[in-house]
Amino acid sequence: MRKIPVELGARRYTVSVGSGLVRRLSGLLARYEGRRVVLVASRRVLRLHGAAVTAGLRALGPAQIVPVPDGERFKSRATLENLYDAFLRARLGRDGLVVALGGGVVGDLAGYAAATWLRGVDWVGLPTTLLSMVDSSVGGKVGINHPKGKNLIGAFHQPRAVIADPALLATLPARELRSGAWEVLKCALLANRPLFDALQEAPPGLAGWDRAALEDAVASAVEVKADVVARDEREGGRRRILNLGHTIGHALETVTRYRRFVHGEAVGWGLVGASAIARERGLLSGRGFDAIVSAVDHVGPRPRVSDLETTRLLEAIGRDKKARAGRIVFVLPTAVGRVVIRDDIAPSEIRRALRVMAARESRPAARRVQGRA
């Protein structure tokens with residue numbers, strides 16, 4: 001087991017990464033013995049992992065199970081209201097615990113419900129997807145979607161612990177595993193060249209990757225995010241780099257009503273778009289661009305983007321919650337392991353980046369680009 005601290009003073013917590021940790025749940029959460037616990041999970045995840053998790057939680061005390069629908073479009077006010085009703089039925093008090101078992105949708109939703117129930121109760125993340133292990137479960141950003149944009153309603157509410165058991169990924173569909181791989185790639189592009197190289201050597205989509213290598217990749221990606229969060233908890237400065245690939249990615253999800261792309265696929269396209277803008281501005285070399293987009297392609301195929309209306313995408317980007325004084329903020333890679341933040345991206349640059357993205361739709365998974373980038 002690797003323990004990665006998220007250093008936030010009084011809100012400090014640990015992300016534990018290791019295969020088989022679900023079987024040790026009662027020991028890892030011993031501080032909550034005798035308290036009321038509400039477990040939030042989708043029905044599919046409960047079928048796969050519910051028995052093992054509830055056994056550990058019920059060793060602590062009374063535990064109620066609350067199933068929620070899974071899927072980005074259900075990260076909504078309606079689902080949130082249903083969660084509040086369930087908390088009331090469970091008599092969840094301020095000393096209780098909310099456990100989020102599932103992917104990013106469940107973590108964001110349950111975490112936001114915990115943040116706003118009785119002005120804030122404790123919550124713990126038990127991520128079951130690669131995407132949520134390396135991204136949404138770490139950092140305390142919780143929330144729900146608005147019909148006009150993703151994650152427009154939310155709060156910062158740090159978990160008390162995150163327990164990431166890579167053994168749970170054995171039941172993950174191939175598409176969801178690839179989705180998480182693009183987020184791991186994002187972390188590598190931010191600050192970890194060895195992780196980038198490891199992903200290039202991994203099987204496409206991480207299918208059949210050695211468990212030890214996968215566990216190391218999860219921990220390495222979490223370390224990147226934990227370091228950024230510790231320096232900037234509320235996204236006032238440096239933490240904005242975590243949005244690499246997300247400005248275009250969130251727009252893709254929004255205009256397709258969260259039905260075409262899983263999150264990582266949209267981020268993968270966003271990495272291509274951000275790299276195209278960086279190359280056009282002279283911030284990223286041609287070799288660097290080729291290395292990044294080849295790494296994106298190596299993970300696997302992504303749904304098409306060429307049929308989406310550019311005007312609608314630009315409108316969605318303009319509503320992005322990270323915009324400052326009406327200016328569009330982009331994180332741009334300058335090399336593998338280095339990025340810059342720019343708030344002066346013109347719509348014409350985004351249009352050209354979208355054309356670059358569309359031109360890569362039919363590209364097969366690329367071989368590794370040799371040399372440093």
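Which residues point one way from β3, and which the other way? Keep that in mind as you load the model, which is predicted.

**Stop 1: strand β3**

Select residues 37-42, which make up β3. Show the side chains. V37, L39 and A41 point one way, while V38, V40 and S42 point the other way. In a regular strand the side chains alternate between the two faces of the sheet. Now colour by accessibility. Six of the six residues of β3 are buried, so both sets are covered, because buried here means under 20% relative accessible area.

**Stop 2: the neighbours of β3**

Add residues 63-68, strand β4. β3 and β4 run parallel and are joined by six bridges. Click on A41, and then on P67, its bridge partner in β4. Next, trace the chain from β3 to β4. The path goes through helix α2, residues 43-58. This β-α-β crossover is right-handed.

Then add residues 97-102, strand β5. β5 pairs with β3 in the parallel sense, over five bridges. For a landmark, pick V40: A100 of β5 stands opposite.

**Stop 3: the β7-β8 hairpin**

Move to residues 141-146, strand β7. Its partner is β8 (149-156). β7 and β8 run antiparallel, with five bridges between them. Two residues carry the chain across the hairpin from β7 to β8. Label I144 and I153: the two stand opposite each other, with I153 in β8.

**Stop 4: the cavities**

Keep β8 on screen and switch on a cavity display. Rolling a probe the size of a water molecule over the atoms shows where empty space is left. How many cavities of 30 Å³ or more are there? The count is five. The largest cavity has a volume of about 80 Å³. Twelve residues line this largest cavity, and the closest to its centre are G149, K150, H250, A316 and D320. Select those five to find the spot.

Which elements give two or more residues to the lining? They are β8 and α9 (246-255). Helix α9 gives the most, with four residues. By residue type, the lining of the largest cavity divides into three nonpolar, four polar and five charged.

**Stop 5: E265**

Go to helix α10, residues 263-280, and select E265. Is E265 buried or exposed? E265 is buried, because its relative accessible area is 2%, below the 20% cut-off. Look for a partner of the side chain. The side chain of E265 reaches the backbone nitrogen of V262 at 3.0 Å.

**Stop 6: two positive phi values**

Most residues other than glycine have a negative phi. Two residues to check here are R91 and L206.

Select R91, in the loop between α3 (77-89) and β5. Its phi is near 55°. R91 counts as exposed, at 60% relative accessibility.

Now jump to L206, in the loop between α7 (193-201) and α8 (211-231). Phi of L206 is about 65°. L206 is buried, with a relative accessible area of 7%. The pair therefore falls on opposite sides of the accessibility cut-offs: R91 exposed, L206 buried.

**Stop 7: E361**

Finish in the segment after α13 (347-359), where E361 is found. E361 counts as partly exposed, at 28% relative accessibility. Draw a distance from its C-alpha to that of P301. It should read 8.3 Å, though E361 and P301 are 60 residues apart in sequence.

Note on methods. Residues are numbered from 1 along each chain as its sequence is written. This is a predicted model: local features need pLDDT of at least 70, side-chain atom pairs count only at pLDDT 80 or more; totals for chains, interfaces and linings use all residues. Side-chain values use heavy atoms; hydrogens and water are left out. On a 1 Å grid over the protein atoms alone, a cavity is a set of points where a 1.4 Å probe fits but cannot get out, and a pocket is an open set with protein on both sides within 12 Å along at least five of seven lines; lining residues have an atom within 4 Å of a point. Grid points are joined across faces, edges and corners, and a volume is the space filled by probe spheres set on the points. Ala, Val, Leu, Ile, Met, Phe, Trp, Tyr, Cys and Pro count as nonpolar, Asp, Glu, Lys and Arg as charged, and the others, Gly among them, as polar. Buried means under 20% relative accessible area, exposed over 50%, partly exposed in between (1.4 Å probe, protein chains only). Two strands pair if DSSP finds at least two bridges between them. A crossover is right-handed if, with the strands pointing away from the viewer, the path from the first strand over the helix to the second runs clockwise. A polar contact is a pair of N or O atoms within 3.5 Å; within protein, one must be able to donate a hydrogen and the other to accept it, and residues adjacent in sequence count only if both atoms are side-chain atoms.
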